Amino acid sequence: MKGYKMEIAKTKQGVPVSPGKADFEAEKNREKENEKKLLESLVADDIENKPNRCRMCGAKLGYDGLGEYTCPDCGHKEYDDYGLVRSFLEEHPGATAIQVEKGTGVSRNKITKMIADDKFIAKINK
Ligand SMILES: [Zn+2]
């Protein structure tokens, strides 16, 4: 995001508004390309890492919603990646992606994917 200021295009049909516009477009396309590659690399990955069986007693877990699962037999709680990040952010509002990664063990790629899916909102730190 460094090296240029973002502006709203003032013309239509792709007419350059300034000599710097071509550079800006190239930069934007490169970013899009990188984002696409990242998302494609994640498709093969198990993105959500959903738990299936209770790790305490082996019973099939019931889904509570919002990434949380409860064992019907022993009451043990499990979380998928979304549930882990969500519960971490509930305890640590305003944590950075790095802090979330360290606190949950969920990889930054997965966190980025969840932000891209609008599951979480990323704000620029100033
Ligand atoms: Zn159990």
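The exercises below, each with a worked solution, walk through a predicted model of one protein chain.

Residues are numbered from 1 along each chain as its sequence is written. Because the model is predicted, local features need pLDDT of at least 70 and side-chain atom pairs count only at pLDDT 80 or more, while totals for chains, interfaces and linings use all residues.

**Exercise 1. Describe the layout of the chain and the confidence of its parts.**

Step 1. Begin with the elements, which are DSSP runs numbered from the N terminus, helices being H or I with at least four residues and strands E with at least two. On that basis the chain has 4 helices and 3 strands, and along the sequence they follow the pattern α-β-β-β-α-α-α.

Step 2. Turn to pLDDT, the predictor's confidence in each residue on a scale from 0 to 100. Its mean over the chain is 80, and 72% of the residues reach 70 or more. Helix α1 (residues 21–43) has the lowest confidence, with a mean of 71, whereas β2 has the highest, at 96. Where pLDDT is low, the predicted coordinates should not be read in detail.

Step 3. Finally, consider burial, where a residue is buried if 20 or more other C-beta atoms lie within 10 Å of its own, exposed if 12 or fewer, and partly exposed in between, with C-beta atoms placed from the backbone. Of the 126 residues of the chain, 17% count as buried.

**Exercise 2. Work out the order and pairing of the strands in the sheet.**

Step 1. Two strands pair if DSSP finds at least two bridges between them. Antiparallel strands β1 and β2 are joined by 3 bridges, and Gly65 has Glu68 of β2 as its bridge partner.

Step 2. Another 3 bridges join β2 to β3, again running antiparallel, and here Thr70 is partnered by Lys77 of β3.

Step 3. Put together, the pairings give an open sheet of 3 strands in the order β1-β2-β3. Both β1 and β3 (77–79) stand at the edges with a single partner strand each, so one side of each has no neighbour in the sheet. On average, neighbouring strands of this sheet are turned by 35° against each other, direction ignored, where the axes are lines fitted to C-alpha atoms, for helices over the stretch in contact, and angles run from 0 to 180 degrees between N-to-C directions.

**Exercise 3. Examine Leu66 and find which helix residue lies 6.1 Å from it, C-alpha to C-alpha.**

Step 1. Leu66 belongs to the loop between β1 (62–65) and β2 (68–70). This hairpin has 2 residues between its strands, and Leu66 takes a positive phi near 55° there.

Step 2. Leu66 counts as exposed because it has 11 C-beta neighbours inside 10 Å.

Step 3. The residue sought is Gly83, which is 17 residues from Leu66 in sequence and is found in helix α2. With 24 other C-beta atoms within 10 Å, Gly83 is buried.

Step 4. For contacts, the C-beta atoms of two residues, placed from the backbone, must lie within 7 Å. Not counting residues up to four places away in sequence, Gly83 touches Leu66, Gly67 and Glu68.

**Exercise 4. Identify the largest nonpolar core and the helices that contribute to it.**

Step 1. A nonpolar core is a set of buried Ala, Val, Leu, Ile, Met, Phe, Trp, Tyr and Cys residues joined through C-beta atoms within 7 Å. The largest has 9 residues, namely Tyr79, Tyr82, Leu84, Val85, Phe88, Val100, Val106, Ile111 and Met114. Two or more of these residues come from each of α2 and α4, and α2 gives the largest share, 4 residues.

Step 2. In α2 (residues 81–91) the buried residues are Asp81, Tyr82, Gly83, Leu84, Val85 and Phe88, and their cover includes β2, β3, α3 (97–104) and α4. Leaving aside neighbours within four places in sequence, Val85 is in contact with Val100, Thr104, Val106, Ile111, Met114 and Phe120.

Step 3. In α4 the buried residues are Lys110, Ile111, Lys113 and Met114. Seen down the axis of α4, these fall within an arc of 160°, so they line one face of the helix; the arc is that of the directions from the helix axis to the C-beta atoms.

**Exercise 5. Decide whether Asp118 is buried or exposed.**

Step 1. Asp118 is found in the segment after α4 (108–116), and its phi is positive, about 65°, although it is not a glycine.

Step 2. Asp118 has 7 other C-beta atoms within 10 Å and is therefore exposed.
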